[in-house]
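Please open the model in your viewer and set the backbone to a cartoon representation. The tour below proceeds by selection, with a short note at each stop.

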Amino acid sequence: MPRNKIKKIKICTGAGCKAWEADQIPVHLGSLRELIEKEGYEVHLVSCINKCGGGACVQMAPGKKLFKLREPQEVCRILEGSLQPAVA
Ligand code: FES
């Protein structure tokens with residue numbers, strides 16, 4: 001599979017997102033491990049993606065949908081499809 005087609009969940013670990021408890025997001029994803037594997041996602045911790053503010057940034061790939069989480073457990077709603085992206 002071409003590298004740019006791999007499904008990824010990118011969690012920003014920059015200082016701005018850490019202030020929104022970004023470091024807790026992988027903990028909540030742990031409860032969804034089976035679903036993540038079934039859907040074929042890779043989880044990546046990334047440095048600042050220059051979208052700071054308004055919540056912890058999670059970017060989905062391919063497509064670059066950006067979510068800003070005000071609570072780390074909201075990451076589960078991304079996979080459920082019930083959270084609206086900040087930028088589509
Ligand atoms: S610190 Fe996360 S987008 Fe900048």
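Begin by selecting Glu-21, which sits in the loop between α1 (15-18) and α2 (25-30). In this predicted model, the phi angle of Glu-21 is near 65°, a positive value in a residue other than glycine. Most residues other than glycine have a negative phi. Is Glu-21 buried or exposed? Glu-21 is partly exposed, because 17 other C-beta atoms lie within 10 Å, a count between the limits of 12 for exposed and 20 for buried.

Next, select Lys-64, in the loop between β3 and β4. Lys-64 also has a positive phi, near 65°, and is likewise not a glycine. Lys-64 is exposed, since 12 other C-beta atoms are found within 10 Å.

Remain in that loop and select Pro-62, which lies between β3 (56-61) and β4. Display the backbone atoms from Ala-61 to Pro-62: the peptide bond there is cis, with omega near -5°. Most peptide bonds are trans.

Now select the four strands together. They form an open sheet in the order β2-β1-β3-β4, with mixed pairing. The edges are β2 (41-46) and β4 (65-69), each of which pairs on one side only. From one strand to the next, the twist averages 20°.

For the last stop, isolate β1 (residues 7-12) together with β2. These two strands run parallel and are joined by six bridges. Which residue of β2 stands opposite Ile-11? Select Leu-45 to see the partner of Ile-11 across the strands.

Notes
Residues are numbered from 1 along each chain as its sequence is written. This is a predicted model: local features need pLDDT of at least 70, side-chain atom pairs count only at pLDDT 80 or more; totals for chains, interfaces and linings use all residues. Two strands pair if DSSP finds at least two bridges between them. Axes are lines fitted to C-alpha atoms, for helices over the stretch in contact, and angles run from 0 to 180 degrees between N-to-C directions.
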